Amino acid sequence: MVAPSLKLQDLIEEIRGAKTQAQEREVIQKECAHIRASFRDGDPLHRHRQLAKLLYVHMLGYPAHFGQMECLKLIASPRFTDKRVGYLGAMLLLDERQDAHLLITNSIKNDLSQGIQPVQGLALCTLSTMGSAEMCQDLATEVEKLLLQPSPYVRKKAILTAVHIIRKVPELSNIFLPSCAQLLHERHHGVLLGTITLITELCERSPAALRHFRKVVPQLVKILRTLVTTGYSTEHSISGVSDPFLQVQILRLLRILGRNHEESSEAMNDLLAQVATNTDTSRNAGNAVLFETVLTIMDIHSAAGLRVLAVNILGRFLLNSDKNIRYVALMSLLRLVQSDHSAVQRHRPTVVDCLKETDASLSRRALELSLALVNSSNVRAMTRELQAFLESCPIDLRADCASGILLAAERFAPTKRWHMDTILHVLITAGTYVRDDAVANLTQLIAGAQELHAYSVRRLYSALAEDISQQPLVQVAAWCIGEYGDLLLEGNCEETEPLQVEEEEVLALLEKVLQSHMSLPATRGYALTALMKLSTRLRGNNKRIRQVVSIYGSCLDVELQQRAVEYNTLFRKYDHMRAAILEKMPLVERGGPQVGEEAKESKEAAKLSEAAPVPTEPQASKLLDLLDLLDGPSEDAQHPLPLDPSPGGALVQLLDLPCAPPAPAPIPTLKVFEREGVQLNLSFIRPPGTPALLLITVTVTNSSGGDVTHFICQAAVPKSFQLQLQAPSGDTVPAWGGLPITQLFRILNPNKAPLRLKLRLTYNHFGQPVQEIFEVNNVPVETWQ
Amino acid sequence: MLDCRSPPHSNTASLPQRGDQGFPSAAAAGPAPPLRATMQFLLLFSRQGKLGLQKWYVPLTDKEKKKITRELVQTVLAGKPKMCSFREWHDLKIVYKRYAGLYFCCAIEDQDNELIALEIIHRYYFGSVCELDIIFNFEKAYFILDEFLLGGEVQETSKKSVLKAIEQADLLQEKTENMYHSRVHWGVRAY
């Protein structure tokens with residue numbers, strides 16, 4: 001004899017008593033078997049209880065689809081008990097994806113017209129929860145009939161069901177629009193609330209409806225004013241605020257109606273001011289209304305004074321002890337900081353205080369907002385605060401904070417020395433989190449400020465001596481020591497403490513960097529080059545340096561090895577040229593003066609020219625190669641960029657930044673070669689500020705079914721030009737649109753002669769060697785004029 | 001055709017440009033995109049992550065629902081006690097509040113008013129339902145919710161009216177059951 005199935009309560013108890021997942025599953029499986037059996041041949045009187053148990057089990061995450069048909073039967077039953085569970089089941093188990101759901105349409109239609117309120121309520125609720133577009137089509141007129149029924153209970157549900165219908169089938173909006181005007185005269189809060197929601201939905205979907213409903217603005221204003229002024233109704237109030245849900249909904253609708261419409265905005269100005277000043281702010285309910293008011297004020301054409309009031313409300317929110325309110329304030333102020341900058345500035349001290357928030361989502365917003373508030377008059381104070389924050393902030397904010405400080409410093413630095421100190425401090429505190437170009441920026445800054453050379457090299461030396469782990473710092477320090485080592489040893493600099501440094505100490509420090517396992521390959525490159533430069537800066541003999549250089553001639557790292565070998569050669573065979581080659585670097589030109597927004601544009605342009613430094617004196621090509629190596633930080637090859645090894649790619653990426661307008665008009669890309677799916681394109685960039693320079697990025701793509709391997713591209717130009725080819729990103733282009741090869745050509749054309757370019761390609765494709773030689777004839781004139 | 005992907009470790013942060021997300025003071029012409037329901041879904045779960053009531057106001061497959069609930073439960077439970085009640089999650093905002101052993105969690109649109117969502121949760125819990133109800137009387141918890149929210153929107157703002165509606169429905173249920181019991185007097189099988 002099968003054990004009797006359980007009552008719902010008992011089932012719940014037994015499930016909760018199960019000690020393991022397996023035990024729970026056992027209980028449930030047993031019970032489901034009973035339920036299935038009873039669905040098959042059980043007493044229809046008790047069907048609702050079986051379904052209830054099934055729904056409970058479903059809530060715990062177990063499958064219950066076999067109950068779907070039972071929902072339909074229960075809904076169709078005349079008993080209210082059955083309908084209640086049946087409709088609940090429909091909402092939980094049925095959705096528009098199953099065909100079965102359409103079968104309840106008829107039951108709903110019947111129930112809607114029967115006039116029994118709880119039953120009508122169930123039907124409307126179900127329709128508005130899971131009603132598909134087809135169901136909505138079928139039942140729209142039934143719902144519309146209920147809109148003006150006497151019972152507010154049914155009416156409010158019908159109105160919200162209409163909202164759902166419109167969301168599913170926007171074309172049905174017209175059925176419901178006419179009743180709105182009358183419904184707006186309702187006094188029942190539920191009906192009123194629903195009506196406002198309905199009107200909102202209609203307005204959001206149709207500009208015609210929006211225009212139509214603008215005429216109810218005065219009425220809405222009156223309703224809200226009455227709510228706010230006629231105090232207290234225990235039924236609808238929360239913490240002394242009359243029906244905050246209704247207030248918020250009205251405010252939302254007013255926002256939509258007042259947006260972009262002078263007249264409507266004006267009609268609500270006074271009311272908004274009234275709500276803003278009179279709402280009780282001691283609890284969340286009042287603040288919710290206040291917040292919605294702020295949102296509305298900021299979105300319509302409000303008077304300037306009203307906007308300031310709104311921002312001040314947000315500023316007060318920032319001082320609220322409730323974290324949620326502070327969060328909401330920070331988010332909103334962030335959205336306003338551009339459009340209402342001076343109003344938000346007034347709350348800067350409070351914003352900065354929020355940096356101390358323990359909740360990361362708040363401190364992050366506070367950081368963003370603080371950075372947005374930095375300007376030339378507060379940059380020193382703000383940087384101090386931000387630097388303090390940088391020292392203690394959570395790790396995932398370090399990168400943003402560091403870049404933010406560096407950017408702000410670049411835009412608003414009062415003096416170069418302050419700028420240098422700031423960057424240095426950031427590198428010391430959070431060096432591992434800074435952007436890749438921080439090194440380049442700092443070296444650029446130092447190089448350009450001759451008066452700072454002595455100061456910089458001392459400070460960097462001291463910092464390096466303390467800590468060689470922060471790579472960007474080490475790189476800049478190494479570069480600086482290499483360039484200005486002579487100043488380091490001179491001993492006198494008023495701005496720093498007197499520092500007595502011996503030559504041997506300097507060399508030892510660089511060697512330490514070179515040998516440290518913490519140093520990245522790029523860093524070691526810097527250190528090696530710096531050592532080499534010191535061979536001409538220091539007075540002692542170069543035995544130690546020569547030793548190091550020769551040891552690294554057999555280093556496993558190819559880059560270091562190459563350098564060491566070349567430096568060795570410099571010592572041995574070209575010693576007479578060594579001093580000239582290792583001279584202090586000329587300053588790479590940047591764009592114009594740094595002023596506000598133009599600074600950003602010229603900064604982008606400067607980055608373009610920086611990434612492609614111009615050798616100021618033409619040299620033999622072998623020496624050109626050496627000069628390339630010695631260009632130090634501007635050389636992109638030193639920065640490992642696995643996905644984008646071609647500097648050309650980085651340049652285009654910079655051009656793609658939304659805030660940087662394309663300073664030169666972009667020159668059209670040229671397709672120069674195509675054979676069996678292998679295509680070669682040239683793209684051209686003329687960096688502003690260097691009119692003789694043309695950068696060509698060659699891109700090789702492969703849409704065929706065979707890989708391209710051993711790809712080599714060589715180029716030749718007329719005598720008056722100078723051509724430099726950078727190393728390509730690779731020599732393979734995989735089939736079917738695999739990662740292209742890119743390669744950068746640098747062409748100097750001081751005479752502005754017409755550009756002619758001859759290319760020779762060799763590669764393997766489909767197992768066959770391919771060689772192609774051709775001249776590129778139709779280069780755009782913008783490339784050389 | 002250039003490969004414009006940025007190198008993985010470069011940080012392309014700049015001074016936050018929030019202007020494009022700001023309130024349009026000289027706003028764009030044309031209607032804003034249609035709003036979805038105020039509330040997308042409402043979930044209740046215990047501190048152990050066991051799901052209770054779930055109300056979905058957007059159509060999703062069972063698989064999607066399971067995925068969302070799993071992710072959300074994890075996200076919310078990972079929060080520390082003193083953290084704020086809002087989380088950004090995909091293109092929605094999650095508002096949650098813990099009452100005794102239960103987390104009440106709802107999802108609203110990104111631009112919506114989080115504070116009023118908190119009030120909705122508060123009203124649902126304190127106005128009508130208690131923890132025991134939700135566990136032992138889950139149907140009732142749904143019935144009460146359905147008097148308070150409809151189609152994802154707030155339907156009734158008077159606690160009194162909500163409770164009255166439940167009372168009336170319960171009364172009707174009792175009446176019909178009595179009717180049937182008085183007519184049908186078969187052997188009672190305990191189910």
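Here are five short exercises on this two-chain structure, each with a worked solution.

This is a predicted model, so local features need pLDDT of at least 70, side-chain atom pairs count only at pLDDT 80 or more, and totals for chains, interfaces and linings use all residues. Residues are numbered from 1 along each chain as its sequence is written, chains are lettered from A and ligands numbered from 1 in the order in which they are written, and side-chain values use heavy atoms, leaving out hydrogens and water.

**Exercise 1. The two chains**

Work out how many helices and strands chain A and chain B have, and what share of each chain is buried.

Step 1: Helices (H or I, at least four residues) and strands (E, at least two) are DSSP runs, numbered from the N terminus. Chain A has 35 helices and ten strands. Chain B has five helices and seven strands, and along its sequence they come in the pattern β-β-α-β-β-β-α-α-α-β-β-α.

Step 2: Buried means under 20% relative accessible area, exposed over 50%, and partly exposed in between (1.4 Å probe, protein chains only). In chain A, 59% of the 785 residues are buried; in chain B, it's 55% of the 191 residues.

Step 3: Now look at contacts (heavy atoms within 4.5 Å). Take the contacts in chain A between residues at least 6 apart in sequence: 67% of them join residues at least 24 apart. For chain B, residues 24 or more positions apart account for 49% of the contacts with a separation of 6 or more.

Step 4: Finish with the surface, using accessible areas from the Shrake-Rupley method with a 1.4 Å probe, where for residues only the protein chains shown count as cover. Chain A comes to about 32600 Å², 52% of it from carbon and sulfur atoms. Chain B exposes about 9500 Å², and carbon and sulfur atoms supply 54%.

**Exercise 2. Two helices of chain A**

Find which residues of H31(A) are buried, then do the same for H3(A).

Step 1: H31 of chain A covers residues 558–572, and its 15 residues reach 21 Å from first C-alpha to last, close to the expected 21 Å (1.5 Å times one less than the number of residues).

Step 2: The buried residues of H31(A) are A:Leu560, A:Arg563, A:Ala564, A:Tyr567, A:Asn568, A:Leu570 and A:Phe571. Seen down the axis, they fall within an arc of 155° (taken from the directions from the helix axis to the C-beta atoms), so they line one face of the helix. The face turned away from that buried side carries the exposed A:Val558 and A:Arg572.

Step 3: Over to H3 of chain A, residues 47–59: its 13 residues reach 18 Å, close to the 18 Å expected. Twelve of the 13 are buried, so H3(A) is largely enclosed by the rest of the structure. Among them are A:Arg47, A:His48, A:Leu51 and A:Met59. After H3(A) comes A:Gly61, with a positive phi near 110°.

**Exercise 3. A glutamate of chain B**

Describe the surroundings of B:Glu156.

Step 1: B:Glu156 sits in the loop between strand E7 (153–154) and helix H5 (159–183) of chain B. At 1% relative accessibility, B:Glu156 is buried.

Step 2: Check its polar contacts (a pair of N or O atoms within 3.5 Å; within protein, one must be able to donate a hydrogen and the other to accept it, and residues adjacent in sequence count only if both atoms are side-chain atoms). The side chains of B:Glu156 and A:Lys156 are joined by one of 2.7 Å. A polar side-chain atom of B:Glu156 also lies 3.1 Å from the backbone nitrogen of B:Ser158.

Step 3: Leaving out residues up to four places away in sequence, B:Glu156 touches residues including A:His188, A:Gly190, A:His236 and B:Phe148.

**Exercise 4. An aspartate of chain A**

Is A:Asp299 buried or exposed?

Step 1: A:Asp299 lies in helix H16 (residues 284–299) of chain A. At 6% relative accessibility, A:Asp299 counts as buried.

Step 2: Its side chain makes a polar contact of 2.9 Å with that of A:Arg259.

**Exercise 5. Aromatic rings**

Work out how the rings of B:Tyr99 and B:Tyr125 are arranged.

Step 1: Rings of Phe, Tyr and Trp (its six-membered ring) pair if their centres lie within 6.5 Å; planes under 30 degrees apart count as stacked, over 60 as edge-to-face and the rest as tilted. Over all chains, there are 15 aromatic pairs.

Step 2: B:Tyr99 and B:Tyr125 are stacked, at 4.4 Å centre to centre with 5° between the planes. B:Tyr99 is in strand E4 and B:Tyr125 in helix H2 of chain B, 26 residues apart.

Step 3: B:Tyr99 is buried at 9% relative accessible area, and B:Tyr125 is buried at 13%. Together with B:Phe104 and B:Tyr124, they form one aromatic cluster.
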